[in-house]
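User: I am new to this structure and would like a close look at one part of it, followed by how that part fits with its surroundings.

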Amino acid sequence: MDDNTIVLEAAGLTKSYGTLRAVDGISFALRRGECAGLLGPNGAGKSTAIAMIMGHLTPDAGTVRIEGSPLSGDCDERKRRLGLVPQDLAIYEDLSARENLRFFGALYGLEGRHLAERMDAVLGIAGLRDRAGDRAGRYSGGMKRRLNLAAALLHDPQILLLDEPTVGVDPQSRNSIFEAIEALRAEGKTILYTTHYMEEVERLCHRAVIMDHGHIIADDTVAGLKARGFSGRRVVLETDASLTDSITEGISGIAGIQSVSVSGQRLEVETSDFMDAAPALLQHLRAQGIGVSHMETESASLEHAFLSLTGRTIRDS
Amino acid sequence: MKLRQLAAIISKDVRLFLNNRASVILTLVVPIAIASFFGYVFAPKSPSGGSGRMKLWVADLDGSAVSKEIVSRLTEDKSLRVSAHTEAETRQGIAAGEAPVAIVLPAGFGEKAGSSFFTPGEKPSVTLLVDPSRTMESGLAQGVLIQHAMAVIGRDVFSPGTGSKWIDQSMKTLDYVPGERGAATRELLASVKQWMQRESQAGASGGGGAPSGPAPAFSAPFETKVEPLTGNKNAVYNGYAHSFGGMSLQFILMFGIECAVLLLQDRKSGMWKRLRAAPVSRATVLTGRALSCALIAFVTMTICWGFAMVVCGVRVHGSWAGFILINAASALLAASFALMLAGIGRSVEATRGIAIFAVLILVMLGGAWVPSFIFPEWLQNITQFIPTRWAVDGMDGMTWRGLPFSTVVVPLLSLTGCIALFGVIAWWRFRWQGE
């Protein structure tokens with residue numbers, strides 16, 4: 001983060017559709033250069049929140065401030081500070097990438113040499129320079145997504161709102177999009193990255209705002225949120241015999257073990273201190289005559305944090 | 001509203017249109033093809049052109065000199081294409097729709113027609129066999145038959161050679177007519193007979209002053225002269241002018257539906273979010289869309305008219321300014337119609353279906369398919385309130401009717417009002433916040 005200036009602020013945003021309250025009084029702020037993930041399952045209210053921030057939807061209550069004041073009307077020049085990557089592809093498939101960018105550039109008042117330079121720059125970011133003259137309809141899904149991103153970057157916005165930019169993208173293009181976002185983050189852009197993929201937020205963002213059922217249920221750094229699930233590592237073991245209650249109780253008493261879960265011959269243990277707890281756990285099992293056929297460990301993740309906060313995984317939601 | 005943004009929207013829409021080959025073909029080629037077909041069907045044919053003559057079948061069951069001459073005169077008539085058949089053939093042919101009308105001259109026609117000319121008697125009955133779907137032609141056939149039959153029979157009964165025979169027969173029937181009426185008729189016929197005898201003697205002696213021309217005959221006491229009247233003495237009716245105007249109007253309205261559908265699709269997609277994210281006013285977005293639609297529609301009309309002028313000989317016999325303005329107004333009508341559809345439409349599918357139905361009704365009642373003068377009067381009165389009628393009438397007025405600019409002012413004002421109304425509805429009903 002470059003400084004502490006708040007560049008985007010949502011306060012008490014509320015939006016209802018009939019009896020359904022899609023967004024219920026959410027508030028958060030982004031500081032300059034911050035990259036925050038807006039995380040939540042499908043239907044959590046993320047896209048509605050983005051639509052209100054962009055001015056596409058009028059909130060029932062609450063305000064949005066860009067650099068300290070609300071947007072005033074369709075032609076507010078501060079819109080140039082914002083770049084939106086919509087969830088749905090927003091490109092004309094019957095136009096080439098270059099023609100698409102020329103059109104979107106003109107909407108932001110770009111022209112001449114400056115437009116040409118910006119087009120070249122964003123085509124480079126999207127990895128589409130070689131195919132810039134081809135119609136977008138002939139692109140792969142991943143290439144279209146990258147063009148979708150490039151169009152949002154064309155006017156060099158300081159604040160980027162990315163609404164699930166990797167939906168339906170192949171791994172190669174997804175990685176390309178990640179690299180582009182990491183480069184933008186390194187340039188000091190302020191980014192609000194909406195997704196329901198926890199691992200994307202973990203990779204890209206400093207901070208995560210977790211939404212569920214229209215509410216913000218957590219807003220913290222990624223590390224802070226992970227710590228809410230558990231602080232150490234998870235150990236998963238497959239044993240060669242079923243585990244009795246007495247064995248399980250013994251495991252619970254081992255120092256550094258936070259929780260124990262048993263299902264047949266599968267044992268899941270969350271540790272606060274993996275290096276101490278893991279040898280003690282294996283020794284305990286050996287002492288009970290239990291062998292281990294398979295063992296794996298995993299770090300605490302936002303998925304665990306979401307599970308801890310809501311009692312369910314994000315994909316169950 | 002920023003002109004650069006407006007130009008960008010228009011330019012983008014034109015590119016999208018041109019890049020969509022199917023749309024270009026549908027908008028440009030199809031109306032030309034259909035208009036050419038309608039124009040050919042409805043275009044008046046040259047009097048000497050075979051296809052323009054009415055087909056008439058004749059069965060002469062009499063075979064008398066009178067009936068033969070009537071058939072001969074019918075055959076020479078430039079409005080008819082006559083062919084001789086037996087009665088059975090005519091009945092079969094009319095029933096099968098091979099000809100619209102057939103005339104059956106009965107046996108004894110010549111004899112009975114002469115004897116019943118001066119006095120009531122047994123009139124011969126000529127049968128007109130008619131295709132029930134083509135009753136207009138039967139009226140024409142009846143009129144032409146009466147014209148030629150009266151001429152032939154009239155000459156026959158007043159000819160010195162044959163006329164006295166019919167007079168003698170008629171005078172016998174007057175023996176049974178009592179009173180002054182019978183006496184007066186007998187006196188008239190006697191006088192006619194004396195005139196015939198004098199004519200006959202003069203002809204036989206070859207004396208000076210004797211008539212040498214054909215015998216006098218009853219005929220229509222006047223001649224008719226057909227004078228096609230338009231607003232410009234050089235203007236001639238060209239059926240292609242109406243069909244090209246009507247079809248191009250129909251297809252630009254259809255194109256308007258596609259513009260509306262694109263706008264609806266944009267509104268439901270991320271494109272609308274991207275457009276709204278940019279510092280662009282709503283007026284610019286809608287005006288840009290409307291102008292691009294109007295521009296493409298106007299170019300479409302220009303190309304259609306260009307084809308009509310170069311290939312089909314259509315000419316602007318009225319005011320060129322009026323012609324251009326009525327076409328421009330029609331293009332703007334299509335554009336405002338598109339905006340209104342996008343404003344009130346919910347789903348793409350439903351909007352397209354209802355809009356196509358609406359356009360077909362509008363162009364049908366507007367006289368774009370067939371001229372509105374063939375509608376019943378009550379329907380013609382209703383169509384006075386339909387914008388397509390104003391457009392079609394305006395185009396007809398400026399092309400084949402050759403009317404002056406002043407006649408297109410009212411249609412232009414009416415269309416302008418309609419464009420404004422559609423625009424207001426679009427602005428009022430348009431859901432800016434997307435779906």
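Which residues in helix 2 of chain A meet which residues in helix 1 of chain B?

Analyst: This is a predicted model, and the description below should be read with that in mind.

On one side of the contact you ask about, helix 2 of chain A brings Glu99(A), Phe103(A), Ala106(A) and Leu107(A), and these meet Arg4(B), Gln5(B), Ala8(B), Lys12(B) and Arg15(B) in helix 1 of chain B. Sorted by class, the residues of this contact are four nonpolar, one polar and four charged.

As for the geometry, two packed helices are described by the angle between their axes and the distance between the axes. Here helix 2 of chain A covers residues 97-107 and helix 1 of chain B covers residues 3-19, and their axes come within 8 Å and cross at roughly 160°. Because of that angle, helix 2 of chain A is roughly antiparallel to helix 1 of chain B, and the crossing in which helix 2 of chain A passes helix 1 of chain B is left-handed.

Helix 2 of chain A also has a partner within its own chain, namely helix 4 of chain A, residues 141-153, against which helix 2 of chain A packs at an angle of about 30° with the axes 9 Å apart. That angle makes helix 2 of chain A roughly parallel to helix 4 of chain A, and the crossing of these two helices is right-handed. The residues that meet are Ala97(A), Asn100(A), Leu101(A) and Phe104(A) from helix 2 of chain A, and Leu147(A), Ala150(A) and Ala151(A) from helix 4 of chain A. By class, this contact of helix 2 with helix 4 of chain A has six nonpolar residues, one polar residue and no charged residue.

Turning to the contact of the two chains as a whole, 28 residues of chain A and 22 residues of chain B take part in it. On the side of chain B, the elements that give two or more residues are helix 1 and helix 10, the latter spanning 270-277, and the largest share, seven residues, comes from helix 1 of chain B. The side of chain B that touches chain A divides by class into seven nonpolar, eight polar and seven charged residues.

The rest of chain B gives helix 1 its setting. The secondary structure of chain B comes to 16 helices and four strands, and because its radius of gyration is 33 Å, well over the 22 Å that the globule rule gives for 435 residues, chain B is more spread out than a compact globule. Along its principal axes, the C-alpha trace of chain B spans about 110 × 45 × 40 Å.

Four strands of chain B form an open sheet with mixed pairing, in the order 2-1-3-4, and its edges are strand 2 (80-84) and strand 4 (127-130), each of which pairs on one side only. Within this sheet, strand 1 (residues 54-60) and strand 3 (residues 101-105) of chain B pair in the parallel sense over five bridges, and Asp60(B) stands opposite Leu105(B) in strand 3 of chain B. Helix 3 of chain B, residues 65-76, packs on the sheet and touches strand 1, strand 2 and strand 3 of chain B, its direction making about 170° with that of strand 1. Helix 4 of chain B, residues 87-95, lies across strand 1, strand 3 and strand 4 of chain B and runs at about 160° to strand 3.

Conventions: Residues numbered from 1 in each chain as written. Chains lettered and ligands numbered in written order. Predicted model: local features only at pLDDT ≥ 70, side-chain atom pairs only at ≥ 80, totals over all residues. Axes fitted to C-alpha atoms, helices over the stretch in contact; angles between N-to-C directions. Parallel < 35°, antiparallel > 145°, perpendicular 65-115°, else oblique. Left-handed = near helix turned anticlockwise from the far one by under 90°. Contact = placed C-beta atoms within 7 Å. Nonpolar A, V, L, I, M, F, W, Y, C, P; charged D, E, K, R; others polar. Pairing = 2+ DSSP bridges. Rg over C-alpha atoms; globule rule 2.2 N^0.38 Å.
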